[in-house]
Amino acid sequence: MEVKKWVSLLFISFLSLPITGCWDYNKINERAPIIGIAADPVKGDDNKISFTFQVQRFTPSGGGKGGGGGGGTEAQLPTNYVNFHVVSTDLHTALASAQTLSIKKFYLGDFNLLLINRHLKAPQVAKVVLEFIRDTSSDRLAYLFCADKSALDILSLTGTHESPSDAIHDQLDAKAMQKAYFTRTKVWEFWRDIHRIGIEPKVGIIKVKGSTFDVAGMEAFSSYQPKYKLNRWDSVFFHLLNDHLHEMAFQIPDRGKNFEVHHIHTTSHIKVLHQKGKTILYDHIIVNGVLSNDEIDNQTNLSNRELSRYEQVMGKYLKNQSEKVLKKLQQQKLDIFGFGQYEVIQHPERLEDIQKNWPDTFSSALPLIKMDVHIHHTGTLM
């Protein structure tokens with residue numbers, strides 16, 4: 001009986017050995033979190049990508065430059081971060097090469113930002129994104145953005161108190177930030193939209209602005225290919241059409257003058273209609289706002305009749321601007337709105353046809369925007 005007891009204890013002890021997990025333990029001061037990655041094209045060689053890995057540094061270090069194997073360089077800056085620059089064919093080969101420049105083990109668990117140059121080719125974008133998605137240690141909730149010119153330049157900015165990756169991430173997460181001028185896309189959301197039927201992916205654009213950055217505009221993709229750039233005002237009307245605006249303000253032109261509406265909140269509902277053999281892109285938009293200044297600077301009370309006229313003028317202005325943006329994207333055959341997704345939900349039996357022909361159908365469809373504007377007036381200060 002005693003022998004069986006000891007055998008059982010030994011067997012249980014043997015089974016419990018893998019539970020500890022101690023053999024893959026890394027000391028925290030021997031690890032280096034990669035917080036941002038930039039990917040730029042290499043001039044004259046579409047098979048290679050120029051990678052920049054931004055690593056958080058917790059101890060002060062002097063300036064200077066150091067060389068390393070694998071064609072990589074470490075650019076040490078008088079900041080709380082350091083950039084490792086490597087030219088390689090793919091993300092993980094570049095990461096392994098960069099690791100030769102650091103005595104600390106890189107990891108992607110605290111990753112904030114994946115920044116791709118908008119001039120990369122589709123195979124290059126796919127290679128970066130798919131490797132990132134496949135890596136089980138990476139944070140797929142990181143933001144994916146396009147650099148208007150050089151992604152390396154953005155990760156080398158010195159006009160912020162923290163690393164560029166952290167500064168951009170904190171700004172994107174800030175509740176107070178006006179987000180109508182761009183779009184926020186996580187890495188997994190971009191990959192998801194690549195595989196969904198009836199929608200194309202979109203990401204925000206980051207530009208260098210002096211010694212800091214500016215987040216404004218959007219890049220519309222055709223699968224993995226950056227295809228068409230929307231400026232900051234195009235982005236506003238994209239959100240008006242497709243999503244919602246929150247705490248927005250507009251100056252509305254009217255008969256040579258202007259009136260201003262602020263605290264604007266909107267909602268939109270898109271769908272696809274079919275009438276007499278024609279496909280119609282229908283969007284019902286509801287706008288609520290407060291009149292902040294009329295055409296005579298609120299010097300006298302505004303009548304209900306005139307306020308109603310303001311609503312009509314504002315509705316016409318917003319509708320015209322929205323149609324311009326929609327038509328631009330129709331010309332490019334880029335349905336980043338998701339009209340095609342609505343069509344799939346309503347007509348699943350047409351899935352194969354939509355998957356094959358929707359870009360052409362979207363391009364030739366007729367836009368129909370219904371705009372309901374409600375302006376509230378608090379009166380004059382006289």
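1. Let's start with the overall make-up: the protein has 10 helices and 15 strands. Please keep in mind as you look around that this is a predicted model.

2. Next, the chain as a whole. Of its 382 residues, 46% count as buried. The accessible surface comes to about 20000 Å², and carbon and sulfur atoms account for 54% of that area.

3. A word on contacts along the sequence. Taking those between residues at least 6 apart in sequence, 69% join residues at least 24 apart.

4. Now to one sheet that is worth finding in the viewer. Four strands make up this open sheet, and their order is β12-β13-β14-β15. Its pairing is mixed. At the edges sit β12 (248–254) and β15 (366–377), each of which pairs on one side only. From one strand to the next, the twist averages 40 degrees.

5. You may like to zoom in on how β12 meets its partner. Strands of a sheet pair through backbone hydrogen bonds, in either a parallel or an antiparallel way. Here β12 and β13 (residues 257–275) run antiparallel, and six bridges join them. For a concrete place to look, pick Met-248: its bridge partner in β13 is Ile-264.

6. Which helix packs on the sheet? That is α7, covering residues 232–242. Helix α7 touches β12, β13, β14 (278–293) and β15. The direction of α7 makes about 55 degrees with that of β13.

Notes:
Residues numbered from 1 in each chain as written. Predicted model: local features only at pLDDT ≥ 70, side-chain atom pairs only at ≥ 80, totals over all residues. Heavy atoms only, no water. Pairing = 2+ DSSP bridges. Helix = DSSP H or I, 4+ residues; strand = E, 2+ residues; numbered from the N terminus. Axes fitted to C-alpha atoms, helices over the stretch in contact; angles between N-to-C directions. Contact = heavy atoms within 4.5 Å. Buried < 20%, exposed > 50% of the residue type's maximum accessible area, 1.4 Å probe, protein only. Areas by Shrake-Rupley, 256 points an atom, 1.4 Å probe, with all protein chains shown as cover.
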